[in-house]
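Here are a few exercises to try with the viewer open. Each task is followed by a worked solution that you can retrace step by step.

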Amino acid sequence: MRKSERNSIEKWASGLTNEELEKEYYKSVYDSLGTETEDMYELGYDIRDIQEREKHEKYLGEKADVLEALCEERGIKLWQKGSEENG
């Protein structure tokens, strides 16, 4: 991820409430799960399209990492709501 992309995400996230930031983090994590590139190889997609998808998937994972760090900075405890309700 380029520094400008990271700065853009941080600037955008600074305008979010803690609740909104947490939701965006979870959305980013779920968006970054899995890969479509294996199917793309099997289906005979153009290699440039596959490489572009791989690049995008890498960006999604890095975005989730940035949002996770911002949540930690704000003291947002991630992945605990379900365990608190069940505990």
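**Exercise 1. Which helix holds Asp39, and how far is Asp39 from Ile50 in space?**

Solution. Start with the location: in this predicted model, Asp39 sits in helix H3, residues 37-42. Next, take the C-alpha to C-alpha distance: Asp39 and Ile50 are 9.7 Å apart, with a sequence separation of 11 residues. Finally, classify the surface: Asp39 has a relative accessible area of 46%, so it is partly exposed.

**Exercise 2. Describe how H2 and H4 pack, and say which residues make the contact.**

Solution. Two packed helices are described by the angle between their axes and the distance between the axes. Let's take both in turn.

- Step 1: the axes of H2 (residues 18-32) and H4 (residues 47-74) come within 8 Å and cross at roughly 150 degrees.
- Step 2: angles over 145 degrees count as roughly antiparallel, and therefore H2 is roughly antiparallel to H4.
- Step 3: the handedness of the H2 and H4 crossing is left-handed.
- Step 4: on the H2 side, the contact is made by Asn18, Leu21, Glu22, Glu24, Tyr25, Ser28, Val29, Asp31 and Ser32. H4 contributes Leu60, Gly61, Lys63, Ala64, Leu67, Glu68, Leu70, Cys71 and Arg74.
- Step 5: sorted by character, the residues of this contact comprise eight nonpolar, four polar and six charged.

**Exercise 3. Are Leu21 and Glu22 buried or exposed? List what each of them touches beyond four places in sequence.**

Solution. Both assignments use the cut-off of under 20% relative accessible area for buried.

- Leu21: this residue lies in helix H2. Its relative accessible area is 0%, so Leu21 is buried. Leaving out residues up to four places away, Leu21 touches Ala13, Leu16, Leu67, Leu70, Cys71, Arg74 and Ile76. For a distance check, Leu21 and Lys77 are 12 Å apart, C-alpha to C-alpha, and 56 residues apart in sequence.
- Glu22: this residue is also placed in helix H2. A relative accessibility of 9% means that Glu22 counts as buried. With neighbours within four places set aside, Glu22 contacts Cys71, Ile76, Lys77, Leu78 and Lys81.

Comparing the two lists, Cys71 and Ile76 appear in both.

**Exercise 4. How many aromatic pairs does the whole structure have, and what geometry does the pair of Tyr26 and Trp79 show?**

Solution. A search of the whole structure gives four aromatic pairs. A pair of aromatic rings is described by the distance of the centres and the angle of the planes. For Tyr26 and Trp79, the centres are 4.7 Å apart and the planes make 70 degrees, an edge-to-face pair. Tyr26 belongs to helix H2 and Trp79 to the loop between H4 and helix H5 (81-86), so the pair ties together parts 53 residues apart in sequence. Now widen the view: Tyr25, Tyr26, Tyr30 and Trp79 form one aromatic cluster. As for accessibility, Tyr26 counts as buried at 16%, whereas Trp79 is partly exposed at 45%.

**Exercise 5. What is the sign of phi at Trp79?**

Solution. Begin with the expectation: most residues other than glycine have a negative phi. Trp79, found in the loop between H4 and H5, has a positive phi of about 60 degrees although it is not a glycine.

Key: Residues numbered from 1 in each chain as written. Predicted model: local features only at pLDDT ≥ 70, side-chain atom pairs only at ≥ 80, totals over all residues. Heavy atoms only, no water. Axes fitted to C-alpha atoms, helices over the stretch in contact; angles between N-to-C directions. Helix = DSSP H or I, 4+ residues; strand = E, 2+ residues; numbered from the N terminus. Parallel < 35°, antiparallel > 145°, perpendicular 65-115°, else oblique. Left-handed = near helix turned anticlockwise from the far one by under 90°. Contact = heavy atoms within 4.5 Å. Nonpolar A, V, L, I, M, F, W, Y, C, P; charged D, E, K, R; others polar. Buried < 20%, exposed > 50% of the residue type's maximum accessible area, 1.4 Å probe, protein only. Phe/Tyr/Trp six-rings, centres within 6.5 Å; stacked < 30°, edge-to-face > 60°.
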